[in-house]
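Here are a few exercises to work through with a structure viewer open. Try each task before you read its solution.

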Amino acid sequence: QVRLVESGGGLAQAGGSLRLSCAASGRTFSNYAMGWFRQAPGKEREFVAAISRSGGKTDYADSVKGRFTVSRDNAANTVFLQMNSLKPEDTAVYYCAAAPLIALLQQGSWGQGTQVTVSS
């Protein structure tokens, strides 16, 4: 099973930016599609963004399109989430996930999460 460790969370002001990283180990990183999900207090976990094994395909939730960008560096076994134009409603714990296919991410391996807090 692939192990995932997120980093880069913190406090940002509305309109600001943060960049999350997720470092993978234990398996061949390029064999996994990667995704980002988030869970706000009192809400269910929701999909944010995903990227295919090669990086050639990406997908985004409507709420973050045009503001967030997912990317990956297969040589460094790391996936990134660049978050711009942050809004208070982006406040949540952000998790990365790994699975052989994007469609299987919910059932894949998960990290422990990193807190993102956006102040108004």
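The exercises below deal with a predicted model, and they cover its disulfide, its ring pairs and its charges over rings.

**Exercise 1. Find the disulfide and work out which parts of the chain are tied together by the pair.**

Step 1: Look for the cysteines. The structure holds one disulfide, and the partners are Cys-22 and Cys-96, with 1.9 Å from S to S. That fits the cut-off of 2.5 Å for a pair of cysteine sulfur atoms.

Step 2: Place both ends. Cys-22 sits in strand β3 (residues 18–25) and Cys-96 in strand β9 (residues 92–99), so the link ties together parts that are 74 residues apart in sequence.

Step 3: Check the handedness. The angle about the S-S bond is 45°, and the link of Cys-22 and Cys-96 is right-handed.

Step 4: Check the surroundings. Cys-22 and Cys-96 are both buried.

**Exercise 2. Take the rings of Phe-37 and Phe-47 and decide how the pair is arranged.**

Step 1: Get your bearings. There are three aromatic pairs in the structure, and the one of Phe-37 and Phe-47 has ring centres 5.7 Å apart.

Step 2: Compare the planes. They stand at 75°, so this pair is edge-to-face; the cut-off for that label is over 60 degrees.

Step 3: Locate the partners. Phe-37 belongs to strand β4 (residues 33–39) and Phe-47 to strand β5 (residues 46–51), so the pair ties together parts ten residues apart in sequence.

Step 4: Ask about exposure. Phe-37 is buried at a relative accessible area of 3%, while Phe-47 is partly exposed at 26%.

**Exercise 3. Do the same job for Tyr-95 and Trp-110.**

Step 1: Start with the geometry. The ring centres of Tyr-95 and Trp-110 lie 6.4 Å apart with planes at 75°, so this pair is edge-to-face.

Step 2: Map the pair onto strands. Tyr-95 is in strand β9 and Trp-110 in strand β10 (residues 109–110), so parts 15 residues apart in sequence are tied together.

Step 3: Sort by accessibility. With 18% relative accessible area, Tyr-95 is buried, because the cut-off for buried is under 20%. Trp-110 has 21% and counts as partly exposed.

Step 4: Zoom out. Ring pairs join Phe-37, Phe-47, Tyr-95 and Trp-110 into a cluster.

**Exercise 4. Which ring faces have Arg-19 and Arg-45 over them?**

Step 1: Go to Arg-19. Its partner is Phe-80, with 4.0 Å to the ring centre.

Step 2: Go to Arg-45. This residue lies over the face of Trp-110, at 3.8 Å from the ring centre. Trp-110 is also a member of the ring cluster from the previous exercise.

Conventions. Residues are numbered from 1 along each chain as its sequence is written. This is a predicted model: local features need pLDDT of at least 70, side-chain atom pairs count only at pLDDT 80 or more; totals for chains, interfaces and linings use all residues. Side-chain values use heavy atoms; hydrogens and water are left out. Helices (H or I, at least four residues) and strands (E, at least two) are DSSP runs, numbered from the N terminus. Buried means under 20% relative accessible area, exposed over 50%, partly exposed in between (1.4 Å probe, protein chains only). Rings of Phe, Tyr and Trp (its six-membered ring) pair if their centres lie within 6.5 Å; planes under 30 degrees apart count as stacked, over 60 as edge-to-face and the rest as tilted. A charge sits over a ring if NZ of Lys or CZ of Arg is within 6 Å of the ring centre and within 35 degrees of the ring normal.
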